[in-house]
Amino acid sequence: MNSNFKATAYALLAAVALSSACKKVENGYLSNQIRYVDNPMEVKRGQIEQTVAVSNDGSSAPVVYKLLDIRDSSGHHADSLFASYSRYEWIGEFNPDTDTTVDLLNKKRQLVNKPPFDFNIHTGAFTFYNTTTKVPLGKYDFDIQATNENGTKTFKNIASFTLVDDAPYVIGAGGAALFLDGTTTSYDIGAPEVTIVKTSDEGTNIVLKITDKNGKPFNPSAGEIIRRGDRSDFGTYAQFHPLVYTDSTMTCNFETTPFPLKQSTYGYLIYYRIPSQYVIADPGYAPDNKQIYSANPRFQFNIYQEGTYEVTVKVKRVTRDTN
């Protein structure tokens, strides 16, 4: 190899090495495939819901996310989601075993006026609150921005969520029996029929009515509905206020969801006894037609959303005696 060729080859190698040394090394990695695996997401309106975090597809941590926009099904900015509404926000750890008064409860919460959701900049997850009751049902698309040491990328229409209505309560299993006065002898009359109607998004009240098979309410204020020994009753779960009685209802102000906040020894069951002098049993469900059999319904329900509810418990196969 002649000297001129050698000199040229060395010069080319030196140029390549110098070019490589001057090339800028990128800091970290920011994926173009950041996404929400759970897409579309379903959000129950009026209930506290948290979505899954975004998948960063191996991007270098930490990644900071920014919510850019949410649009409704018409493609317009979702004004109702960004409007502020009054709701309670926790400011301390609530303990249902010890925080048993409104004063103690209020030390753990504060009234705020904010949009019905939060967006977590570290995970990209949403938390939706009870005030989504103010927001129209339907599908919503959104955009986010992701930033790390590599730079910033925008993800338009990265995912969507659908705001849906769902029953804000669950009705559990129950039962009922006739008991012969002064004994443990009983006769099954089947589980009572429990219906729940939400009458308002406002307030935190449950209005409970216990009726005979014809829908005629028994009178709790006159002793027609009484506790059943040491079993749990409606008042057991009235954490913050005593029950308010009328001639047909018992009302509980439950203050905060869920209701009940905690289980009793009997789970979530509510037990009551309707004394025999107020009960006429249907023929065939007791050995005779004497009024010596009390009616003893048990039932359970859970409420997951603030509002006002009418709960009706219809005891089958008995009629209220008004004489």
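Which strand gives the most to the lining of the second largest pocket? I opened my notebook with that one, and the answer is β4, with four residues. Before going on, I remind myself that this is a predicted model.

**Entry 1: the pockets**

I looked up the second largest pocket and found a volume of about 250 Å³. Its lining has 14 residues, and those closest to its centre are I48, Y88, W90, N130 and E306. I then sorted the lining by class and got five nonpolar, five polar and four charged residues.

Next I turned to the largest pocket, which has a volume of about 320 Å³. There are 17 residues in its lining, and S86, N130, D201, E202 and E306 come closest to the centre. Here I met two familiar names: N130 and E306 are listed close to the centre of the largest pocket, and they are listed for the second largest pocket as well.

Which strand gives the most to this lining? I found β4 again, spanning residues 85-90, with three residues. By class I noted two nonpolar, eight polar and seven charged residues around the largest pocket.

**Entry 2: a closed space**

Rolling a probe the size of a water molecule over the atoms shows where empty space is left. I asked how many cavities of 30 Å³ or more there are. The count came to one, and the largest cavity holds about 30 Å³ of space.

I wrote down the residues that line this cavity: Y237, Q239, F240, F254, T256, P258, F259, P260 and L261. Seven of the lining residues are nonpolar and two are polar, with no charged residues. For contrast, I looked back at the largest pocket, where seven charged residues sit in the lining.

**Entry 3: the aromatic rings**

I went on to the rings and found 19 aromatic pairs in the structure. A pair of aromatic rings is described by the distance of the centres and the angle of the planes.

Why is the pair of Y36 and F142 called edge-to-face? The planes of the two rings stand at 80°, and edge-to-face asks for over 60, so the pair fits that class. The ring centres are 5.3 Å apart. I also checked where the two partners sit in the chain: Y36 is in the loop between α1 (3-22) and β1 (41-44), while F142 is in strand β8 (residues 138-148). They are 106 residues apart, and the pair links distant parts of the chain.

Are these two buried or exposed? Y36 has 3% relative accessibility and counts as buried. F142, at 0%, counts as buried too.

I picked F119 and F126 as another pair to look up. Their rings are edge-to-face, with 5.2 Å from centre to centre and 65° between the planes. F119 has a relative accessible area of 16%, and buried means under 20%, so F119 is buried. F126 is at 0% and also counts as buried.

Then I saw how these names come together. Y36, F82, F117, F119, F126, F128, Y140, F142 and F161 form one aromatic cluster, with both of my chosen pairs among its members.

I added two notes on charges over rings. R231 lies over the face of Y271, at 4.9 Å from the ring centre. R273 lies over the face of F179, at 5.8 Å from the ring centre.

**Entry 4: the strands**

Strands of a sheet pair through backbone hydrogen bonds, either parallel or antiparallel. I wanted examples of both.

In what order do the strands of the open sheet run? I read β2-β7-β6, three strands with antiparallel pairing. The edge strands are β2 (49-50) and β6 (117-119), and each of them pairs on one side only. β2 meets β7 (residues 126-128) over two bridges, and in this pairing E49 stands opposite F128. F128 was already in my notes as a member of the aromatic cluster.

For the parallel case I found β1 and β9 (residues 151-164), joined by four bridges. In that pairing E42 stands opposite T162.

My last stop was β8, the strand that holds F142. Ten bridges join β8 to β9, and these two run antiparallel. A146 stands opposite K153 in β9. What joins the two strands along the chain? I found a hairpin, which passes from β8 to β9 through two residues.

Technical notes:
Residues numbered from 1 in each chain as written. Predicted model: local features only at pLDDT ≥ 70, side-chain atom pairs only at ≥ 80, totals over all residues. Heavy atoms only, no water. 1 Å grid on protein atoms, 1.4 Å probe; cavity = no way out; pocket = protein on both sides within 12 Å on 5 of 7 lines; lining within 4 Å. Points joined across faces, edges and corners; volume = space filled by probe spheres on them. Nonpolar A, V, L, I, M, F, W, Y, C, P; charged D, E, K, R; others polar. Phe/Tyr/Trp six-rings, centres within 6.5 Å; stacked < 30°, edge-to-face > 60°. Buried < 20%, exposed > 50% of the residue type's maximum accessible area, 1.4 Å probe, protein only. Lys NZ or Arg CZ within 6 Å of the ring centre and 35° of its normal. Pairing = 2+ DSSP bridges.
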